[in-house]
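Visitor: I'd like a close look at one part of this protein, with its surroundings explained as we go. Could you walk me through it slowly, as you would for someone in their first year?

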Amino acid sequence: MKFNWLSEFLANIVNASAITEAVTRPLIGLHQQLTPSSIYCRIKSTSAEALEHILIACAVYFLVCLGLYKLTFWLSASASPTTTVPGASNNNNNGDSARSSSGLRNALQSGLRSVHLPKPAVMGRVLLVIAHPDDECMFFGPLIYTLTQRDGCQVYVLCLSNGNFEQKGQVRREELFRACKRLGISESNIILVNATNLPDDPNVEWRSDAVASFILHTVESLDIQAIFTFDRDGVSSHPNHCAVYYAAASLCLANLLPKACKFYTLDSINLVRKYLSVFDLLCTCFMSTHWCILSWKDASVVRSAMMEHQSQMKWYRWLYIYTSRYMFINSMREINLSDIELEMQIHDN
């Protein structure tokens, strides 16, 4: 009994060491996990896993877009009426299956259309307002080609400068006429403005009233039913492109356009979508109200028209004509008075 205090003292020491070990063990493990090498390994493994998921998602998206692109033009080709052989016997089962397949095809066609534009009856005379020669091919090619393929649709081009920024005004004038001819626009439907107050120069601000006067005169003299031009971002943010929009918007805001004339703008999109080529189809169909999509064969017409602008065919333009979605897809939206008022407020701010 004399040494009870010693045994109790030793027992307390053992318990204290056990408690200390229990507390410090997680801290030691945490310290080992927070070493630079362990942190690097964890980040590397997590990044590799995230990158793998991103690549899989991109691959799935591209495959879906490619499938929808093919399906869209297959449906357009199959939409043409089929002829029946006279005197052929009708089978009820075959008739039922044909009707069901036709119903499925019609349902798909209503959702997947290469062209989603207003009816031709309200777009018989269309004016495209651009800032420079080559804008019609670089940005509006699919729209122009689609409209010129419509029966009874007259397309006019109002180009507000002769492209004399590099002292090549006469050359670019001839290139514009040749390119428009490729797209189905006759030379008589092209109005080329050569005004000293509207030079082809990104450093010169175009006055909205000067641009608006040209647009209004053309609309009234040609009895235009629809105007297509750039939106407030001008696709490439070129100041001349933006000036064209604000001039047309000021006409609409002042209620100077004829009541039967509609105002449409080409959608400006971010840099990633801009160079997705046909793979922007899914985003376009979900995010736009009006669009036109060209097949690879039809897009070759737009490419050949762009190649008529030989004076502008730098190396990066060759990349553009094969990778830009504006060579395959155009998406537009109709602009009303409330839209213009909002965008004017944004512009003033």
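Guide: Let's go straight to helix α5, which is mostly covered: 8 of its 8 residues are buried. Keep in mind that this is a predicted model. The buried residues of α5 are Gly141, Pro142, Leu143, Ile144, Tyr145, Thr146, Leu147 and Thr148. For comparison with the whole protein chain, buried residues make up 41% of its 349 residues.

What does the sheet beside this helix look like? It is an open sheet of 8 strands with mixed pairing, and the order is β1-β7-β8-β6-β5-β2-β3-β4. At the edges you'll find β1 (115-116) and β4 (190-192); each has a single partner strand, so one side of each is left without a neighbour in the sheet. Helix α5 (residues 141-148) packs on this sheet and touches β1, β2, β3 (154-159), β5, β7 (290-293) and β8 (329-334). The direction of α5 makes about 80° with that of β8.

Now let's take some of those strands in pairs. Strand β2 (residues 125-130) pairs with strand β5 (residues 226-230) in the parallel sense, over 3 bridges. If you want a spot to click on, try Leu127, whose bridge partner in β5 is Ile227. Strand β8 gives you the antiparallel sense: β6 (residues 262-266) pairs with β8 that way over 3 bridges, and β7 pairs with β8 that way over 4 bridges. On the β6 side, Tyr264 stands opposite Glu334 in β8. On the β7 side, His290 stands opposite Met332 in β8. A handy thing to remember while you rotate the view: in a regular strand the side chains alternate between the two faces of the sheet.

Another helix to find is α6 (residues 169-183), which lies across β3 and β4 and runs at about 165° to β4. Hold on to α6, as we'll meet one of its residues again shortly.

Next, step back along the chain from α5 to the loop between β2 and α4 (135-138), where Asp134 is found. Asp134 has a positive phi of about 95° although it is not a glycine. Is Asp134 buried or exposed? With a relative accessible area of 4%, Asp134 is buried, because that value falls under the 20% cut-off. Compare Asp223, in the loop between α7 (208-222) and β5. The phi of Asp223 is near 55°, again a positive value in a residue other than glycine, yet Asp223 is exposed, with a relative accessible area of 56%.

Asp134 has a charged partner, too. Side chains of opposite charge can pair when their charged atoms come close. Here, the side chains of Asp134 and Arg317 meet in a salt bridge (3.7 Å, N to O). This pair links distant parts of the chain: Asp134 sits in the loop between β2 and α4, and Arg317 in helix α13 (residues 315-323), 183 residues apart. Both Asp134 and Arg317 are buried.

Here's where α6 comes back. The side chains of Arg172 and Asp200 also meet in a salt bridge (3.4 Å, N to O), with Arg172 in helix α6 and Asp200 in the loop between β4 and α7, 28 residues apart. Arg172 counts as buried at 6% relative accessibility, and Asp200 is buried with a relative accessible area of 10%. Put the names together and you get a network of salt bridges that links Asp134, Arg172, Asp200 and Arg317.

The structure holds 9 salt bridges, and one more is worth a click. Arg325 forms a salt bridge with Asp280, the closest N and O atoms being 3.0 Å apart. Arg325 lies in the loop between α13 and β8 and Asp280 in the loop between α10 (271-274) and α11 (281-287), so the pair ties together parts that are 45 residues apart in sequence. Arg325 is buried, and so is Asp280.

To finish, swing round to the surface for a contrast with α5. Leu51, Ile54 and Leu55 form a nonpolar patch there, with about 300 Å² of accessible area together. Leu51 is found in helix α2 (residues 36-78), and Leu51 is partly exposed, with a relative accessible area of 48%. So the buried residues of α5 include Leu143 and Leu147, while Leu51 is partly exposed.

How values were computed. Residues are numbered from 1 along each chain as its sequence is written. This is a predicted model: local features need pLDDT of at least 70, side-chain atom pairs count only at pLDDT 80 or more; totals for chains, interfaces and linings use all residues. Side-chain values use heavy atoms; hydrogens and water are left out. Patches are made of residues with over 30% relative accessible area and no salt bridge: like charges are joined within 9 Å, nonpolar side chains (Val, Leu, Ile, Met, Phe, Trp, Tyr) within 5 Å. Accessible areas come from the Shrake-Rupley method with a 1.4 Å probe; for residues, only the protein chains shown count as cover. A salt bridge is a side-chain nitrogen of Lys or Arg within 4 Å of a carboxyl oxygen of Asp or Glu. Helices (H or I, at least four residues) and strands (E, at least two) are DSSP runs, numbered from the N terminus. Buried means under 20% relative accessible area, exposed over 50%, partly exposed in between (1.4 Å probe, protein chains only). Two strands pair if DSSP finds at least two bridges between them. Contact means heavy atoms within 4.5 Å. Axes are lines fitted to C-alpha atoms, for helices over the stretch in contact, and angles run from 0 to 180 degrees between N-to-C directions.
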